[in-house]
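Hello,

I am passing on the structure below for you to look at. My notes on what was found in it come after.

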Amino acid sequence: MADIKKLIEEIKGLTLLETSELVKALEEEFGVSAAAPVAVAAAPAAGAAAPAAAVEEKTEFNVVLKDAGAKKIDVIKVVRAFTGLGLVEAKQAVEKGGVLKENVAKEEAEKIAADLKAAGATVVLE
């Protein structure tokens, strides 16, 4: 198992060009093609330089509250509406911030984010 961890650490240290060459060499050696899961795994190391066509479009998102803003009461109302939480739980969730709802469909996540932004909150979809 220690050899696998060592190999992973070596791969982390590769440049984008070296990673690309490694992928090509593995494809040729094993007669396979680097499908979307491989491209997604390489994307964090590659950053914005990864080709957009190779990355699968994300269908599920987490709604993350970064800041409640000045109208915290309005934000709490919106959080209660889409989570079904009670007043105290919604208030605690807004004060704590972080993930408010996990694995939400793209359309629903965008609607929730728009409602929260309209209430004055800072929200991101991850």
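Two strands count as paired if DSSP finds at least two bridges between them, and the strands themselves are DSSP runs of at least two residues, numbered from the N terminus. One residue pair to start from is Val64, which stands opposite Val99 in strand 2. Please keep in mind throughout that this is a predicted model.

**The chain as a whole**

The chain has 126 residues, and 21% of them count as buried. Its secondary structure comprises six helices and three strands. Read from the N terminus, the order of elements is α-α-α-β-α-α-β-α-β. Among contacts with a separation of 6 or more, 63% are between residues 24 or more positions apart. The exposed surface of the chain is about 8,900 Å², with 58% of it supplied by carbon and sulfur atoms.

**The sheet**

How are the three strands arranged? They make an open sheet in the order 2-1-3, with antiparallel pairing. The edges are strand 2 (98-105) and strand 3 (122-125), each of which pairs on one side only. On average, neighbouring strands in this sheet are turned by 25 degrees against each other, with direction ignored.

As background, the strands of a sheet pair through backbone hydrogen bonds, and the pairing can be parallel or antiparallel. Here, strand 1 and strand 2 run antiparallel and are joined by five bridges. Strand 1 (residues 60-67) also pairs with strand 3 in the antiparallel sense, over four bridges. Two of the partners in strand 3 can be named: Val123 is the bridge partner of Leu65, and Thr122 is that of Asp67.

**Helix 6**

Helix 6 (residues 106-118) packs on the sheet and touches strand 1, strand 2 and strand 3. Its direction makes about 145 degrees with that of strand 2. The 13 residues of helix 6 should span 18 Å at 1.5 Å a residue, and the end C-alpha atoms are indeed 18 Å apart.

Which residues of helix 6 are buried? They are Ala109, Ile112, Ala113 and Leu116. These residues lie on the same side of helix 6, because they cover an arc of only 100 degrees around the axis. An α-helix has 3.6 residues a turn, so residues three or four places apart point the same way. The other side of helix 6 has the exposed residues Glu107, Lys111 and Ala118. What the buried residues pack against is strand 1, helix 4 (72-83), strand 2 and strand 3. After helix 6 comes Gly120, with a positive phi near 105 degrees.

**Helix 4**

Helix 4 has 12 residues and reaches 16 Å from first C-alpha to last, close to the 16 Å expected at 1.5 Å a residue. Its buried residues are Val75, Ile76, Val78, Val79 and Phe82. They cover an arc of only 165 degrees around the axis, and therefore sit on the same side of helix 4. Ile73, Lys77 and Ala81 are exposed on the other side of helix 4. The buried residues of helix 4 pack against helix 5 (87-96), strand 2 and helix 6. Gly84, just after helix 4, takes a positive phi of about 80 degrees.

**Helix 2**

Helix 2 (residues 16-30) has 15 residues; at 1.5 Å a residue they should span 21 Å, which agrees with the 21 Å between the end C-alpha atoms. Gly31 follows helix 2 and has a positive phi, near 65 degrees.

Leu26 lies in helix 2. Is Leu26 exposed or only partly exposed? With a relative accessible area of 41%, Leu26 is partly exposed; the bounds for that class are 20% and 50%. Apart from its neighbours within four places in sequence, Leu26 is in contact with Gly31 and Val32.

**One residue to check**

Most residues other than glycine have a negative phi. Asn103 is not a glycine, yet its phi is positive, at about 50 degrees. Asn103 is found in strand 2. Its relative accessible area is 53%, so Asn103 counts as exposed, the cut-off being over 50%.

Regards

Technical notes: Residues numbered from 1 in each chain as written. Predicted model: local features only at pLDDT ≥ 70, side-chain atom pairs only at ≥ 80, totals over all residues. Heavy atoms only, no water. Buried < 20%, exposed > 50% of the residue type's maximum accessible area, 1.4 Å probe, protein only. Contact = heavy atoms within 4.5 Å. Areas by Shrake-Rupley, 256 points an atom, 1.4 Å probe, with all protein chains shown as cover. Axes fitted to C-alpha atoms, helices over the stretch in contact; angles between N-to-C directions. Expected span 1.5 Å × (residues − 1). Arc of directions from axis to C-beta.
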